[in-house]
Amino acid sequence: MSSVGTTPVVATAMGAATGDAMASATRITPGNALRPEDIAGKVAAGSVVVPQDVASYALRLGDDALILAQRLGWWVSRAPELEEDIALSNIALDLLGHARSFLSYAGGAWGKTEDDLAYFRGEDEFCSAHLVEQPNGDFARTIARQLVVSTFQHLLYNRLVDSQDATLAAISAKALKEVDYHQDHAYQWVLRLALGTQESRRRMVNGLDLTWPYIAELFDDDELIDRLEGIAVRPSSLRVAYDCRITQILAEAELDVQEVPRAAGGGRSGRHSEYLGHILAEMQVLAREHPGATW
Amino acid sequence: MNTEDTQTGSGGAHWPLWEIFVRSARGLSHVHAGSLHAPDADMALRNARDLYTRRNEGVSLWVVPASAIIASDPDAKGEFFESPQGKDYRHATYYTKSEGVKHL
């Protein structure tokens, strides 16, 4: 239970639900970490009350993770090597897990399940940042986006583990270790692509150039953040540490940080680029075609 | 999407092969789990983590360049491994317990 050790309230309540995982006699076990099902169970049982603002905040975090997971899933069977295929899909599945936890929790405020929120919301109801809906492009562009998102999420979750909201803190504690690996994965590839061949370097520079305009939106504060003092992490407060970390990595890769005008943004209030509609169409079609179907 | 731009295939030059050893729990030996391709040792370790420990299989990993493993010749199996066959005196069960020996 180390991942929820910092939040005793959640740890005791959720311990019962994960007990069977501990009982397995085989050496290969799913472990005993916080699962989205545990959160959904508590929300459904009414043992945890989710304030509207906290739900809206959880929805942002969940939507970022969900849309990026959907984007990364495209790489399955398409990555440069089989091993990288697995690496990227592992990362996508980690993110999907974070999304499920955040959406399960957020749904508690509106009597909705994670599936209601993932499959039956319209484009303007998603509050993900524009960065995560950007096209995968080539492998280097995907890595550039991964570098930015994983660095941002790592700094964010590292602070969110101290949130006054025990569930947000518990989800972050579980996500933090996984995002730490995502960050390392991106870092390793930035170095190899940037310092590899002339072609790989060209692609890395190009990938970063396409990514720069979408970074600023991640650090925008708004009224929701103002109202959640002590519960949410103020995005703007992460910017200095973010710049420091990225500058360090890029210096090692002999690359420069580009100062470019920011893209319009607006994702947090449901204004999206043309890409999100296509992502949602693909992600939601099956659930909408056969509502309530299970498999 | 421009398909040409997404073609990041590895071309003719393939990544080298690595052999992966996983230790499933403290106190047990590392056991050969399989092999994978990776551009270098650092990435091999990470790929091994993704491929061979994603269901909680391990607490420690070794990666070894496949080229660093000196293997016995499969065609020389007879000379190499058949000699001990029939030499049952090399097994403790071959010997009968002497009368009156305690604690055996």
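**How the labels in this model are earned**

Trainee: Why is A:Glu178 called buried?
Mentor: A:Glu178 has a relative accessible area of 15%. Buried means under 20%, so A:Glu178 earns the label. Keep in mind that this is a predicted model.

Trainee: What makes the contact between A:Glu178 and A:Lys174 a salt bridge?
Mentor: The closest N and O atoms of A:Glu178 and A:Lys174 are 2.7 Å apart. The cut-off is within 4 Å, so the pair qualifies as a salt bridge. In general, side chains of opposite charge can pair when their charged atoms come close.

Trainee: Where do A:Glu178 and A:Lys174 lie in chain A?
Mentor: Both are in helix 9 (residues 166–194) of chain A. They sit four residues apart, about one turn of the helix.

Trainee: And why does A:Lys174 count as partly exposed?
Mentor: Its relative accessibility is 27%. Partly exposed lies between the 20% and 50% limits, so that is the label for A:Lys174.

Trainee: How do you know that A:Arg35 and A:Asp38 form a salt bridge?
Mentor: Their side chains meet at 2.9 Å, N to O, and the limit is within 4 Å. The pair therefore passes the test. As for cover, A:Asp38 is buried at 5% relative accessibility, whereas A:Arg35 is partly exposed with a relative accessible area of 33%.

Trainee: What makes A:Arg234 and A:Asp226 partners?
Mentor: A salt bridge joins A:Arg234 to A:Asp226, with the closest N and O atoms 2.9 Å apart. A:Arg234 is partly exposed, with a relative accessible area of 27%; A:Asp226 is also partly exposed, at 44%.

Trainee: Which residues are joined into one network by salt bridges?
Mentor: They are A:Asp138, A:Glu199, A:Arg202 and A:Arg203, joined by salt bridges that share partners. Over all chains, the structure holds 20 salt bridges.

Trainee: Which residues make the nonpolar surface patch in chain A?
Mentor: A:Val285, A:Leu286 and A:Trp295 make that patch, which covers about 400 Å². Let's take A:Leu286, in helix 13 (residues 274–289) of chain A. Its relative accessibility is 47%, so A:Leu286 counts as partly exposed. A patch residue needs over 30%, and A:Leu286 therefore meets that condition.

Trainee: How many helices and strands does chain A have?
Mentor: Chain A has 13 helices and zero strands. Of its 295 residues, 55% count as buried.

Trainee: Now for chain B. Why is B:Glu79 called exposed?
Mentor: B:Glu79 has a relative accessible area of 63%, and exposed means over 50%. The label therefore fits B:Glu79, which is found in helix 3 (residues 77–81) of chain B. On the surface, B:Glu79 gathers with B:Asp73, B:Asp75 and B:Glu82 in a patch of negative charge.

Trainee: What makes strand 1 of chain B largely enclosed?
Mentor: Strand 1 (residues 17–23) has seven residues, and five of them are buried, so the rest of the structure largely encloses the strand.

Trainee: How do you know that strand 1 and strand 2 of chain B pair?
Mentor: Six bridges link strand 1 to strand 2 (residues 31–37), in the antiparallel sense. Pairing asks for at least two bridges, so these strands pair. Across this pairing, B:Trp18 stands opposite B:Leu36.

Trainee: Which way do strand 1 and strand 3 of chain B run?
Mentor: They run antiparallel, and six bridges join strand 1 to strand 3 (residues 60–65). Here B:Glu19 stands opposite B:Val64.

Key:
Residues are numbered from 1 along each chain as its sequence is written. Chains are lettered from A and ligands numbered from 1 in the order in which they are written. This is a predicted model: local features need pLDDT of at least 70, side-chain atom pairs count only at pLDDT 80 or more; totals for chains, interfaces and linings use all residues. Side-chain values use heavy atoms; hydrogens and water are left out. Patches are made of residues with over 30% relative accessible area and no salt bridge: like charges are joined within 9 Å, nonpolar side chains (Val, Leu, Ile, Met, Phe, Trp, Tyr) within 5 Å. Accessible areas come from the Shrake-Rupley method with a 1.4 Å probe; for residues, only the protein chains shown count as cover. Lys and Arg count as positive and Asp and Glu as negative; His and the chain ends are not counted. The place of a charge is taken as NZ of Lys, CZ of Arg, CG of Asp or CD of Glu. Helices (H or I, at least four residues) and strands (E, at least two) are DSSP runs, numbered from the N terminus. Buried means under 20% relative accessible area, exposed over 50%, partly exposed in between (1.4 Å probe, protein chains only).
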